[in-house]
Amino acid sequence: MRHRSPSYKLFSICNAVALAALGLLCVLPVAHVFAVSLSSRAAATANIVNFWPIGFTLDAYGQTLANTHFLRALANGIGRTVLGTGISIVILMLAAYALSKSDRKFAGRSVYAWFFVVPMLFGGGMIPTYLVVKETGLLNTIWALVIPGAASAYLLILMLNFFRTVPIELEEAALIDGAGHFTTLFRVYLPVSMAGIATISLFEMVAHWNSWFDGMIYLKNPKDYPLATFLQSVIGKENFQEAGIQAEDVANISSRTVKASQIFIGALPILAVYPFLQKYFVKGIVLGSVKG
C-alpha cells in the first residue's frame with residue numbers, strides 16, 4: 001500500500017521533524033520571555049537565563065500589575081480589539097451577503113465588488129490616510145484605530161466564498177416564508193456560517209491586538225495608547241517617560257524582567273481566546289478559500 005512504502009515513511013518522518021522544529025521556533029521564545037520574567041534582577045541583568053527561571057521571583061509581575069499606565073493600556077487594547085472586531089464582523093457580513101448574490105439578483109454587483117478589490121491592490125499611502133483620518137475628525141479617538149481598516153478585502157473574500165457554500169434552498173425557503181434579507185442573513189446564513197465568522201474574528205482580534213503603529217500616529221496622548229503601542233514605546237524605544245513610568249520605579253527593579261512580564265501578560269488574552277476558536281479555524285480557511 002502507498003502508506004507503507006519507504007518513500008511515504010520517509011516523507012512522514014521529514015514532515016514530523018519539520019513541524020516539530022517549527023513548533024519549537026514558536027514555543028522557545030515564549031518560554032524564554034516567561035523564564036526571564038520570573039528570574040531575579042541579577043540573573044536577568046547578567047543575561048544568564050535561558051528557558052528556566054533563575055532566582056525565582058514574582059516581583060516583576062507585581063510591579064507590572066501595580067503600574068496604572070500598563071493597566072490602562074491593557075484596558076485600551078481590550079476595548080480596541082472588542083470594538084474593532086465587532087465593527088469589522090458586522091461590515092464584512094453585510095457586504096459579503098450582498099456580494100455573494102448573482103448579478104441577476106444584485107444588479108451592479110461587480111461594480112460594488114471593485115470598491116473592495118481596488119484598495120486591496122493599490123494603497124493610498126500613509127500621508128493621504130492620515131489626512132483623511134484628520135479631516136473626518138477621527139484623530140485622537142479610538143475610532144481612528146478601528147474605522148480605517150474595518151473592511152478588509154481579504155477577509156471579505158473569505159466570508160463571501162463561505163456564504164456561497166450555503167445551500168440556496170435555505171435562502172429560498174426563508175424568502176417563501178416571508179423573511180426579508182436581514183432576517184435571512186441573521187437567521188439562516190449566520191447560524192450555518194459560524195466557522196467562517198470565528199475564523200474572521202480570530203484574524204481581526206490578532207490584527208487589532210498586535211497593531212501599534214496606528215496608535216503612534218493617530219493618538220497624541222500616551223494615556224490613550226492601546227497595549228501594543230504602549231509596549232512599543234516602553235520596550236522598543238526605551239521611552240519610559242512617554243509611557244508615564246516614573247524614573248524611580250525603573251531604578252528599583254530590573255527593566256528586563258518587567259519588560260518580559262509585560263510582553264507575556266500582553267500575549268495572554270490571544271492565547272486564552274485561541275483554543276475556543278481553533279476548532280473552527282481550519283474549516284473556515286478551507287471553505288472560505290474555495291469558491292462554491
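1. How far apart do the end C-alpha atoms of residues 184-203 lie, and what percentage of the span is helix? In this predicted model, the two end C-alpha atoms of that span are 25 Å apart, and the span is 95% helix and 0% strand.

2. That span can be read alongside the UniProt record, an unreviewed entry, which places the feature "transmembrane region" at residues 78-99, 111-130, 142-163, 184-203 and 260-277. For residues 111-130, the end C-alpha atoms lie 27 Å apart, with 80% of the span in helix and 0% in strand.

3. Turning to the packing of side chains, the largest nonpolar core has 22 residues, and those with the most contacts inside it are A96, L156, M159, F163, Y189 and I200. At least two residues of this core come from each of α4 (68-99), α8 (153-164), α10 (181-192) and α11 (194-210), and α4 supplies the largest share, namely seven residues.

4. Y189 deserves a separate look, since once its neighbours within four places in sequence are left aside, Y189 is in contact with Y97, K101, F163, V166, E171 and T184. Apart from the core just described lies another one, of 15 residues, among them L74, M205, W209 and V234.

5. The last point concerns Q262, a residue of helix α15, which covers residues 255-289. Q262 counts as buried because its relative accessibility is 1%, where the cut-off for buried is under 20%. If its neighbours within four places in sequence are again left aside, Q262 is in contact with T64, N67, F70, F230, L231, V234 and I235.

Terms used
Residues numbered from 1 in each chain as written. Predicted model: local features only at pLDDT ≥ 70, side-chain atom pairs only at ≥ 80, totals over all residues. Heavy atoms only, no water. Core = buried A, V, L, I, M, F, W, Y, C linked by side-chain atoms within 4.5 Å. Buried < 20%, exposed > 50% of the residue type's maximum accessible area, 1.4 Å probe, protein only. Helix = DSSP H or I, 4+ residues; strand = E, 2+ residues; numbered from the N terminus. Contact = heavy atoms within 4.5 Å. UniProt positions renumbered as here; feature names shortened; annotations may be inferred.
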